[in-house]
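Please open the model in your viewer and keep the selection panel at hand. The tour below proceeds from one selection to the next.

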Amino acid sequence: MEAASKNAVDLRGDSSTSEVNQLKQRKMQGQKGGPSTSSSNSDNGSCYCCGEKNHRSPACKFNKSTCHACGKIGHLARVCLSRGRANQRNSNFAKQTNTSRSANQRVHQVENDSSEEEATPVYELFSVSTVAGAPPAFQVKVKIEGIHATMEVDTGAPVTIVPFAFFRNHESVFAPLQKTSMKLRSFTRHELEIAGTTNVTVEYKNQRQLLPLVVVHQSSVMLMGRSWIRDLGVLKDLEDQLFTNAIQESKQSLKDILEKHNELFADGLGKVKNVQVHLNKIADPTPRFFKARPVPYAYRVKVEQEIDRLLELGVLEPVQYSDWATPVVPVLKSNGNVRLCGDFKLTVNIATELERYPLPNVEDLFARLSGGVTFSKIDLSDAYCQLELDDSSKDLLVINTHRGLFQYCRLPFGVASASGVSRICLWGGTN
């Protein structure tokens, strides 16, 4: 009887049994990949593997396919439940983010409104302390309430500050400090503790002004900020100080160069080192001796001064006797002095071989100067006389003056080979 009743129930399809079977079916689907598929596909008779309605999932050709959304086997991505849940989570997260952002915006707006109501000024001080050996700071001397003070000019500070110790030592002459909502930040973004502000009478040169002053606890120096710099017109004085310092530095630099190379810039006549000029005689030259020519009285004093100068420099030396003697020709220079030249065309020039050295043309000189930036002109004082003569050449170069015979120890003007010899020594050395 019980078996017959059970068969009747199976044939009738009892609802309670159907519900249990339905639950079991869903559990089986979950074991095969069901968590990644939608249960609605099974409820409406479609395949949970591909979503089509013309077949069931056991016969689906995609029941062993891999989902590109979740990576599980048994369904396609278009019916994947995990992707749907992820999209739902992203949507919820976006809503929460927008809500939070809106809240933050409202908070910031309140803070901005609060800041605008308080109107607290914040100033940054860009002063950096220097170490030993750094360039000195720019300082100015002022009177603050009649007290002499030396302040460091700091264009990085918007306000003028003094240490609290300075205010305390002269508290009797200052007005009481007033509280302020001002904030000062150092170069490292640290806030300075402000003791207060006050107005003080400042005297600078011929000026007398009432200016604001900030007193701080941490500072140990007195900084003149941009407010005082502008009101007192300190920038013009800074420019003058910079110009003066630049001149002093240039003078010191020039002084160092002159001291380092003092032998080059010493008074007197220089001498080319390790060089002695030799004049090559022709074969068996005949000595030529000429008496002294009369010197115009207008030139006589200057000629004697020039002879004394050349004797002092070692260019000339007196001699008692000589086989060669050349008369002198005084030449008036543009500065009013006299150049003493021997008329060597009568003596040495016809008895010696001519030294030749090619002169550079203008094109060669410009080619060598091409690309140059800084140019200097070198004017050698008594250039020929900076070349020393050897003993055999000295015997040839004797001049006869109204004061007697003098022998050249240096190469003189008027010798035909002087130009070529000097270029060989000077141009050859520079090349």
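Select I257, which is found in helix α7, residues 234-260. The model shown here is a predicted one. The relative accessibility of I257 is 41%, so this residue counts as partly exposed, since that class lies between the limits of 20% and 50%. Now add L254, L258, L264 and F265 to the selection: together with I257 they form a nonpolar patch on the surface, and the accessible area of the five residues amounts to about 500 Å².

Next, select Q386 in the loop between α9 (362-369) and β14 (388-389). Is Q386 buried or exposed? With a relative accessible area of 16%, Q386 is buried, because the cut-off for that class is under 20%. Leaving aside residues up to four places away in sequence, Q386 touches L269, G270, K271, V272, L380, S381 and R410.

Turn then to the open sheet of five strands, ordered β11-β16-β15-β12-β13 with mixed pairing. At its edges stand β11 (316-318) and β13 (338-342); each has a single partner strand, so one side of each is left without a neighbour in the sheet. On average, neighbouring strands of this sheet are turned by 40 degrees against each other, direction ignored.

Within the sheet, select β15 (residues 398-401) and β16 (residues 404-408), which run antiparallel and are joined by four bridges. Here N400 stands opposite L405 in β16.

Finally, display helix α8, residues 297-313. Helix α8 lies across β11, β12 (326-332), β13, β15 and β16, and runs at about 75 degrees to β13.

Technical notes
Residues are numbered from 1 along each chain as its sequence is written. This is a predicted model: local features need pLDDT of at least 70, side-chain atom pairs count only at pLDDT 80 or more; totals for chains, interfaces and linings use all residues. Side-chain values use heavy atoms; hydrogens and water are left out. Two strands pair if DSSP finds at least two bridges between them. Helices (H or I, at least four residues) and strands (E, at least two) are DSSP runs, numbered from the N terminus. Axes are lines fitted to C-alpha atoms, for helices over the stretch in contact, and angles run from 0 to 180 degrees between N-to-C directions. Contact means heavy atoms within 4.5 Å. Patches are made of residues with over 30% relative accessible area and no salt bridge: like charges are joined within 9 Å, nonpolar side chains (Val, Leu, Ile, Met, Phe, Trp, Tyr) within 5 Å. Accessible areas come from the Shrake-Rupley method with a 1.4 Å probe; for residues, only the protein chains shown count as cover. A salt bridge is a side-chain nitrogen of Lys or Arg within 4 Å of a carboxyl oxygen of Asp or Glu. Buried means under 20% relative accessible area, exposed over 50%, partly exposed in between (1.4 Å probe, protein chains only).
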